[in-house]
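Work through the exercises below with the model open. Each task is followed by a worked solution.

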Amino acid sequence: MTPTPLLLGPMLRYVDETSASIWVEVGAAARVVVRAAQRSWEARTFAVHGHHYALVEVDGLEPGSVTSYTVEIDGHQAWPDPGSVPEFPPSSIATRTPGKPLRLAFGSCRTSVPHTKEGNRTHGIDAMRAYALNLTKDDSAPRPDLVLFLGDQVYADSTSEEMQQFIRGRRDIDEEPGAELKDYEEYAHLYNLAWSDSANRWLLSTLPSAMIFDDHDIRDDWNASASWKQEMEATSWWQDRIVAGLASYWVYQHLGNMSPDGRAEDRIWQRIVNHHDAAELDLSEELDAFADRADKDPASYRWSYCRDFDDTRLIVVDSRVSRVLTPDARALLSEEETAWLDHRMVGGFRHLLVGTSLPFLLPLGLHHIESWDEALAQGAWGARGARLGEKLRQGMDLEHWAAFQNSFHAVALMATDVADGNRGPAPETVTFLSGDVHFSYVAEVDRTSGSRILQVVCSPIRNPLPRLLRSSTAILSYAVAAPLGGLLARSVKVTKPPFRWRNIRGPWFDNNLASLEDTADGLTVSWQSGTVDGDDHFHPRLREVAAMTVPRRGSGNMPGGEAVPEAALSTFKGSRARRGRRQ
């Protein structure tokens with residue numbers, strides 16, 4: 001009898017001091033067993049549209065332990081493959097050590113193309129693969145407690161040639177939605193392309209991960225505005241896309257975000273664990289109905305989550321599904337989601353981290369342009385101006401926090417309140433972690449007391465802007481936008497932000513995976529990219545692009561300097577650039 005294959009995974013997801021969650025996709029209905037330290041844990045698969053998944057809950061582990069594990073499917077070892085020569089170290093579960101300072105890796109925006117000379121030419125070196133290979137070669141390399149993926153884990157609307165070949169094998173690619181994804185089957189294949197590379201598969205099997213979606217997980221500008229949504233709903237394919245996108249997101253990404261307590265409160269997960277019939281549970285209809293309901297009634301389900309790592313709190317915010325698109329009451333977060341976030345934005349931690357796929361603090365000039373465009377689209381310059389504003393919003397991706405001023409001000413006041421010590425002892429930093437924009441930078445709010453308020457961006461992991469666009473993006477974001485944005489915002493009487501901020505590092509445009517660590521000197525952040533030696537494109541070497549430490553307030557030091565490494569930015573270096581960055 002041919003053993004049931006392990007199609008994807010194992011993926012190590014939620015891990016705490018004594019437990020871990022291990023996710024797999026397998027080829028047929030089966031019983032999946034995880035073995036570690038002479039113990040075993042098992043789970044039956046559940047089915048969604050002909051695909052079979054299991055999440056094995058491993059418990060009773062020792063805090064601060066590192067334990068190698070194997071995976072069996074119906075009694076046959078499937079991971080590591082016993083018939084192959086080991087290419088990587090054994091997969092292991094490293095439980096949290098109480099009191100140990102958090103080390104976090106994070107990034108966003110990763111396309112799935114081959115790791116070849118041509119793939120690297122068009123999409124750059126995969127920073128995640130370089131990071132994985134470095135860990136396999138360097139036993140002394142510090143391993144993060146968590147890898148946080150901040151959106152665009154897959155691109156449903158901009159597909160690779162491999163993905164398009166799969167689509168052509170099952171439907172006419174010249175008919176809508178063309179080369180974009182149509183249904184669950186295509187999402188399942190896209191996730192397989194994203195996570196089946198050998199080095200990255202090993203990385204995901206041995207480092208805990210958490211995720212949140214952004215627009216390309218579904219479609220560019222997802223929920224940018226009411227008119228965008230109306231346009232999508234008028235197509236013949238959107239309903240299938242949004243249902244498949246959210247259903248597959250729950251299976252491939254969100255299920256592993258949840259803690260054991262969170263899963264215990266999740267109605268779909270309880271259907272899985274309480275299924276005792278001999279036949280495999282098929283969740284297809286129920287998950288489709290759930291996804292449809294989550295899209296139509298965002299308050300029916302929460303995708304955001306919060307985790308405490310001793311004296312560091314991480315809040316990961318859904319900035320896509322929970323939007324309110326009603327033209328006269330637009331909000332990036334609904335009232336319910338805002339209240340949920342407000343309840344968790346408190347002091348008493350050394351660091352308060354807020355993960356949001358979209359940068360909360362854009363370059364200030366660009367922030368002003370987006371706030372102006374929102375007012376324009378809301379009718380500040382009449383009906384014709386509103387049409388122009390909507391066209392600019394969708395054409396230029398002007399739909400970040402700045403374009404939802406109600407939500408921006410609400411969260412800015414939360415952050416300031418925490419930083420001023422009004423919600424418990426002020427942390428050392430309130431730090432927003434984001435991606436999306438395809439360049440990396442650090443910004444800081446101008447403050448003289450209380451916590452530092454920072455924006456740290458790492459984007460992309462693998463999907464760089466073309467070099468020509470890097471110049472125009474940097475000029476627009478840091479030079480032209482600064483004086484122009486302020487003028488435009490004032491022209492439509494946009495309320496001033498409650499604080500000012502400035503760029504303190506960046507921008508840089510490399511494919512990066514960032515690392516953040518709480519150290520004795522302060523919050524240390526570094527950005528790593530890949531580089532190829534000779535012609536060995538399959539084994540990139542890790543290199544550091546930038547690093548900085550945010551010292552504790554009162555140390556007498558400030559995080560340092562402007563870093564503009566791209567020669568393309570030389571056109572606006574000097575006094576004009578300095579004036580722009582001070583806006």
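**Exercise 1. Find which residues Ser459 is in contact with, leaving aside its neighbours within four places in sequence.**

Solution. Start with the cut-off: contact means heavy atoms within 4.5 Å. Ser459 then touches Ser108 and Cys109. It also meets Gly435, Asp436, Val437, His438, Phe439 and Ser440, and finally Asp510. Next, place the residue. Ser459 lies in the loop between strand E20 (452-457) and helix H15 (467-491). Helices (H or I, at least four residues) and strands (E, at least two) are DSSP runs, numbered from the N terminus. Last, check exposure. Ser459 has a relative accessible area of 0%, so it is buried. Buried means under 20% relative accessible area, exposed over 50%, partly exposed in between (1.4 Å probe, protein chains only).

A note on the input: this is a predicted model, in which local features need pLDDT of at least 70 and side-chain atom pairs count only at pLDDT 80 or more, while totals for chains, interfaces and linings use all residues. Residues are numbered from 1 along each chain as its sequence is written, and side-chain values use heavy atoms, with hydrogens and water left out.

**Exercise 2. Give the strand order of the open sheet of 7 strands, and trace its edges.**

Solution. Two strands pair if DSSP finds at least two bridges between them. The order is E15-E16-E17-E18-E20-E19-E21, with mixed pairing. Strand E15 (305-309) and E21 are the edges; each has a single partner strand, so one side of each lacks a neighbour in the sheet. Neighbouring strands are turned by 15° against each other on average, direction ignored. Angles run from 0 to 180 degrees between N-to-C directions, and axes are lines fitted to C-alpha atoms, for helices over the stretch in contact.

Take the E15 edge. E15 and strand E16 (residues 312-317) run antiparallel, joined by 5 bridges. Asp308 has Arg313 in E16 as its bridge partner.

Now the E21 edge. Strand E19 (residues 440-445) and E21 are antiparallel, also with 5 bridges. Ala443 is bridged to Asn503 in E21. Strand E21 (residues 501-508) is mostly covered, with 7 of its 8 residues buried.

**Exercise 3. Which strands are at the edges of the open sheet of 4 strands?**

Solution. Write out the order: E4-E3-E8-E9, with antiparallel pairing. The edges are strand E4 (39-44) and strand E9 (76-79), each pairing on one side only. From one strand to the next, the twist averages 30°. Look at one pair. Strand E3 (residues 31-36) and E4 share 6 bridges in the antiparallel sense. There, Ala36 stands opposite Arg39 in E4.

**Exercise 4. How many residues of strand E1 are buried, and how many link E1 to E2?**

Solution. Of the 10 residues of strand E1 (residues 6-15), 9 are buried, so the strand is largely enclosed by the rest of the structure. A hairpin of 4 residues leads from E1 to E2. E1 pairs with strand E2 (residues 20-26) in the antiparallel sense over 5 bridges. Leu6 stands opposite Val26 in E2.

**Exercise 5. Describe how helix H3 and helix H4 pack.**

Solution. Two packed helices are described by the angle between their axes and the distance between the axes. For helix H3 (residues 161-168) and helix H4 (residues 184-195), the angle is about 150° and the axes are 10 Å apart. That makes H3 roughly antiparallel to H4. Angles under 35 degrees count as roughly parallel, over 145 as roughly antiparallel, 65 to 115 as roughly perpendicular and the rest as oblique. From H3, Glu162, Met163, Phe166 and Ile167 meet Glu185, Glu186, His189, Leu190 and Leu193 in H4.
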